[in-house]
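Colleague: Please take me closely through one part of this model, and then show how its surroundings are packed. I would like each term explained with its cut-offs as you use it.

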Amino acid sequence: MTLLAAATTVVVPTQSTQQAIGYPSLFLLVLIGALVPVIPTGALVSSAAVVAFHQTAPFSMALVFVTASTAAFLGDATLYWLGRRGMKSKNGSRWLEAIRSRAPEDRLAQAQEKLAAHGVAVLVLSRLVPAGRLPVMLACLLAKWPMRRFARGNLPACLAWAVTYQLIGILGGSLFSEPWEGVVAAVALTLVISVAPTVWKRVRPAR
């Protein structure tokens, strides 16, 4: 029994070890996901919130919130800065082209109209709407918003985004006793939220 207990202690990482690995990984993945929007960062935050919900370590939920919101803010700020450099360059940049490629003309036109009418509030809401961040960011670039103005609006946007997906994770974690079940539920819910607007747009014309 002693050998088995020792082996279990070695194999199963402690909560402190999980945190030492998990929070830097979450930060890095959310940061990369903000720069290269192919990583489902919302699902990552929800999954991390599920794990933190089942942990006994203090401030786990707060650390998930701070890590996710900080990484999202820095990623958005970096991408906007790179986009501004592309706008000033004669040949543009691959970062600016990446933003343009993910901002269809109709979504961009809507973003420009709403940005002109409501200003920073649209930037805050854009992070909560699936596929809404990049069209609004491009609208800010075309409107020649300075970096400071974009950062002021993007800070509450990232905070609201982190809270929203963390609440989804808490909901998933509270419904199931096992963390992995909560992670599956949280990921499924975030994916449903992400694809719902696209499905609705396709169904609505048919009606």
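Modeller: Just after α6, G119 adopts a positive phi of about 65°. The model is a predicted one, in which local features need pLDDT of at least 70 and side-chain atom pairs count only at pLDDT 80 or more, while totals for chains, interfaces and linings use all residues. Residues are numbered from 1 along each chain as its sequence is written, and side-chain values use heavy atoms, with hydrogens and water left out.

The helix that precedes this glycine, α6, spans residues 105–118; helices here are DSSP runs of H or I with at least four residues, strands are runs of E with at least two, and both are numbered from the N terminus. Its 14 residues reach 20 Å from first C-alpha to last, close to the 20 Å expected at 1.5 Å a residue (the expected span is 1.5 Å times one less than the number of residues). R107, L108, A111 and L115 are the buried residues of α6 (buried is under 20% relative accessible area, exposed over 50% and partly exposed in between, with a 1.4 Å probe and protein chains only). Because they cover an arc of only 95° around the axis, they lie on the same side of α6; the arc is taken from the directions from the helix axis to the C-beta atoms. The face turned away from that buried side bears the exposed residues E105, E113, A116 and A117.

Beyond α6 itself, the largest nonpolar core contains 21 residues, and those with the most contacts inside it are Y80, M137, L138 and C140 (a nonpolar core is a set of buried Ala, Val, Leu, Ile, Met, Phe, Trp, Tyr and Cys residues joined through side-chain atoms within 4.5 Å). At least two residues of this core come from each of α4 (60–88), α5 (94–101), α6, α7 (120–126) and α8. The largest share, 7 residues, is supplied by α8.

Y80 deserves separate attention. Not counting residues up to four places away in sequence, Y80 touches M137, C140, L141, W145, P146, M147 and F150 (contact means heavy atoms within 4.5 Å). The structure holds 2 aromatic pairs (rings of Phe, Tyr and Trp, the last by its six-membered ring, pair if their centres lie within 6.5 Å; planes under 30 degrees apart count as stacked, over 60 as edge-to-face and the rest as tilted). Y80 and F150 form a stacked pair, with 4.0 Å centre to centre and 0° between the planes. This pair joins distant parts of the chain, since Y80 is in helix α4 and F150 in helix α9, 70 residues apart. Both Y80 and F150 are buried. The tilted pair is W161 with Y165, at 5.9 Å centre to centre and 55° between the planes. These two are 4 residues apart in helix α9, so about one helical turn separates them. W161 is buried at 3% relative accessible area, and Y165 is buried at 10%.

The charged end of R127 sits over the ring of W161, 4.7 Å from its centre (this requires NZ of Lys or CZ of Arg within 6 Å of the ring centre and within 35 degrees of the ring normal). The charged end of R149 sits likewise over the ring of W145, 4.0 Å from its centre.

A positive phi also occurs at K144, near 60°, in a residue other than glycine. K144 lies in the loop between α8 (133–142) and α9, and at 69% relative accessibility it counts as exposed.
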